Amino acid sequence: MELEGLLEKLKMETLASSVDTLLEQAAKRDVGYREFLIDALKTEWHGRNLKTTEGRMRLARFPWVKTIEAFDFSFQPSIDRKVIRELSGLSFVGRAENVIFLGPPGVGKTHLAIALGVKAVEAGNSALFLTVEELTTRLAKARASNRLETTLAQLARPKLLVLDELGYLPFSREEASSLFRLLTRRYEKGSVIITSNKSFADWGEIFSDSVLASAILDRLLHHSTTINIKGESFRLKEKRKAGMLASSEKGDEKTSAAGEWLFEEEKRPAMSGASAGKEVIQED
Ligand SMILES: Nc1ncnc2c1ncn2[C@@H]1O[C@H](COP(=O)(O)OP(=O)(O)O)[C@@H](O)[C@H]1O
Ligand SMILES: [Mg+2]
């Protein structure tokens, strides 16, 4: 039997497509049999990992791919890099702990949530990204068709569930109760990352029931890390840099003049110029 045919029968697809190149390289470098076999099997193994990672990435349904490396921490000094570095190590996923990103719009909550999700998938975990709106729609449909149990079981399965944008829409009592049931299912079994533009104090309002809100918070916060981001919107900064927004102009976000950025801006001359608006979003 031909080599290629044999590799295909063994379902070594990556190796089948690259074995000729590997053989040529081996001949040039005069490598031993054992070393060649290791190289060949490694090639196949990497190929398989890549395919399963790609599969898991598709299942995770991230709206974009974002990375920690692409995040400009100097723009957001309220974020403790050490905490993000620690989270990037993914031990929170292993321990089924939660992460909550709080802060005004544009400060990078979704970016960091996705970036941690991507890391988790690359490390071999299953993940699922849903906006809170998608989640409540899915749960409402499930309830209406008497499939709530099945849906809750499905949503409890991924090792990491990312729920984006809690707080933009209020929950009905039923919706809040379904979310509570989901969090109870996942409690100490799988991690949840939540992003929200509302502080914990305002969660009572979101869930229109303070008892349910505190039960939800209790489940979420028991084993968790909260990252409270206080700073300027990156989107506004980009616009300002492009000259689309005067530095004194207010966008759709609450801003106020403050001097806090001066030091940071001075340290990063590339970021100054048009972006030197020195505006900071104030909490509350
Ligand atoms: N510090 C940052 N460094 C690099 N890109 C950033 C940073 N903060 C935000 N962004 C980018 O700005 C946009 C808005 O960020 P996003 O995470 O959606 O904000 P939020 O979810 O807090 O509203 C995204 O494209 C994101 O990648
Ligand atoms: Mg967001």
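**Exercise 1.** In the loop between which two helices does Arg61 lie? State also its phi and its exposure.

*Solution.* The model is predicted: local features need pLDDT of at least 70, side-chain atom pairs count only at pLDDT 80 or more, and totals for chains, interfaces and linings use all residues. Residues are numbered from 1 along each chain as its sequence is written, and chains are lettered from A and ligands numbered from 1 in the order in which they are written.

Step 1. Arg61 lies in the loop between α3 (33–60) and α4 (81–88). Helices (H or I, at least four residues) and strands (E, at least two) are DSSP runs, numbered from the N terminus.

Step 2. Arg61 is not a glycine, yet its phi is positive, near 55 degrees.

Step 3. Count C-beta atoms, placed from the backbone, within 10 Å of the residue's own: 20 or more others make it buried, 12 or fewer exposed, and counts in between partly exposed. Arg61 has 13 and is therefore partly exposed.

**Exercise 2.** Carry out the steps of Exercise 1 for Lys11.

*Solution.* Step 1. The loop between α1 (3–9) and α2 (13–29) holds Lys11.

Step 2. Its phi is also positive, near 60 degrees, in a residue other than glycine.

Step 3. Lys11 has 10 C-beta neighbours inside 10 Å, so it counts as exposed.

**Exercise 3.** Describe helix α7 and explain why its buried residues line one face.

*Solution.* Step 1. Helix α7 covers residues 132–144, 13 in number, and reaches 18 Å from first C-alpha to last. This is close to the expected 18 Å, which is 1.5 Å times one less than the number of residues.

Step 2. Val132, Leu135 and Leu139 are the buried residues of α7. Seen down the axis, they fall within an arc of 60 degrees (taken from the directions from the helix axis to the C-beta atoms), so they line one face. An α-helix has 3.6 residues a turn, so residues three or four places apart point the same way.

Step 3. These buried residues pack against β2 (127–131), α8 (148–156), β3 (160–166) and α9 (173–186). The face turned away from them carries the exposed residues Lys141 and Ala144.

Step 4. After α7 comes Asn146, with a positive phi near 60 degrees.

**Exercise 4.** Which helix supplies the largest share of the shell around ligand 1?

*Solution.* Step 1. The shell divides into 6 nonpolar, 7 polar and 4 charged residues. Ala, Val, Leu, Ile, Met, Phe, Trp, Tyr, Cys and Pro count as nonpolar, Asp, Glu, Lys and Arg as charged, and the others, Gly among them, as polar.

Step 2. Both α6 (109–122) and α12 (234–241) supply at least two residues of the shell. The largest share, 3 residues, comes from α6.

How values were computed
Two residues are in contact if their C-beta atoms, placed from the backbone, lie within 7 Å.
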